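Work through the exercises below with the sequence and the structure side by side, and try each task before you read its solution.

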Amino acid sequence: MNHKAAIPNAFTLTNLLLGILSIVYTMDQNYMMSAIMILLAAVLDGMDGRVARKLEVSSAFGKELDSLSDLVSFGVAPAILVYAAHLEEPYHYVGLAIAIVFALCGAVRLARFNVLNITTHFLGIPITVAGPLMALFSLAGARLPVLFFPIAMLLLAGLMVSNLKVPKL
């Protein structure tokens, strides 16, 4: 493997590491740090593709690694965070089901993105938008109404798997 290819992959793996740390922080009930890890992962996710293109080392491997990392950092980690911090107490199993739907829709969104190979736009909102939004909402937590979290999570889950054309920036 090209040594230059390791550079963007290091950004991607650090994104994954931050997603895992987010889950650990959620398990420790440190919801603020959990949300911050997701937001930092988003910063790194924005950099890995740019670095790969700049170094001319884009690859199918890098794309797959990025998707797997994104599922953890922007699908699973936000789902667990929002469930633990905002859905478990008032909604119990319904809250858990909502969090699971969010993560599952994120997985479908990523798989669809990888097989469609559309270059002009995104189909459905990217998981890299939905996950960080849920992290930001979690940081605002107490200032938002209790019904906000299940509605926002279901809405974003639906938008991820929708046929909405979202321009690529």
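The exercises that follow deal with helices, a core, a buried charge and some backbone angles.

The model is predicted, so local features need pLDDT of at least 70 and side-chain atom pairs count only at pLDDT 80 or more, while totals for chains, interfaces and linings use all residues. Residues are numbered from 1 along each chain as its sequence is written, and side-chain values use heavy atoms, with hydrogens and water left out.

**Exercise 1. Compare the span of α2 with the span expected of a straight helix, and do likewise for α3.**

Step 1. Helices are DSSP runs of H or I with at least four residues, numbered from the N terminus, and the expected span is 1.5 Å times one less than the number of residues.

Step 2. For the 24 residues of α2 the expected span is 34 Å, and the end C-alpha atoms lie 35 Å apart, which agrees.

Step 3. For α3, a straight helix of 32 residues would span 46 Å, but the end C-alpha atoms of α3 are only 41 Å apart.

Step 4. Now look along α3, where a kink of about 50 degrees is centred on Y83; the bend at a residue is the angle between axes fitted to the seven residues ending there and the seven starting there.

**Exercise 2. Find which residues have the most contacts inside the largest nonpolar core, and which helix supplies the largest share of this core.**

Step 1. A nonpolar core is a set of buried Ala, Val, Leu, Ile, Met, Phe, Trp, Tyr and Cys residues joined through side-chain atoms within 4.5 Å; buried means under 20% relative accessible area, exposed over 50%, and partly exposed in between, with a 1.4 Å probe and protein chains only.

Step 2. The largest core has 32 residues, and those with the most contacts inside it are L87, F102, M134, M153 and M160.

Step 3. Each of α1, α2, α3, α4, α5 and α6 supplies at least two residues of this core, and the largest share, seven residues, comes from α3.

Step 4. Take M153 as an example: leaving aside neighbours within four places in sequence, its contacts (heavy atoms within 4.5 Å) include L87, F102 and M134.

**Exercise 3. Describe the surroundings of D45, and state which side chain of opposite charge is nearest.**

Step 1. D45 lies in helix α2 and is one of the buried residues of that helix, which pack against α1, α3 and α5.

Step 2. Beyond its neighbours within four places in sequence, D45 is in contact with N15, D66, D70, F74 and T128.

Step 3. Lys and Arg count as positive and Asp and Glu as negative, with His and the chain ends not counted; a salt bridge needs a side-chain nitrogen of Lys or Arg within 4 Å of a carboxyl oxygen of Asp or Glu.

Step 4. D45 has no salt bridge, and the nearest side chain of opposite charge, R50, is 8.6 Å away.

**Exercise 4. Locate Q29 and H92, and give the phi of Q29 and of H92.**

Step 1. Most residues other than glycine have a negative phi.

Step 2. Q29, in the loop between α1 and α2, has a positive phi of about 60 degrees, and its relative accessible area of 59% makes it exposed.

Step 3. H92, in the loop between α3 and α4, has a positive phi of about 50 degrees, and at 47% relative accessibility H92 is partly exposed.
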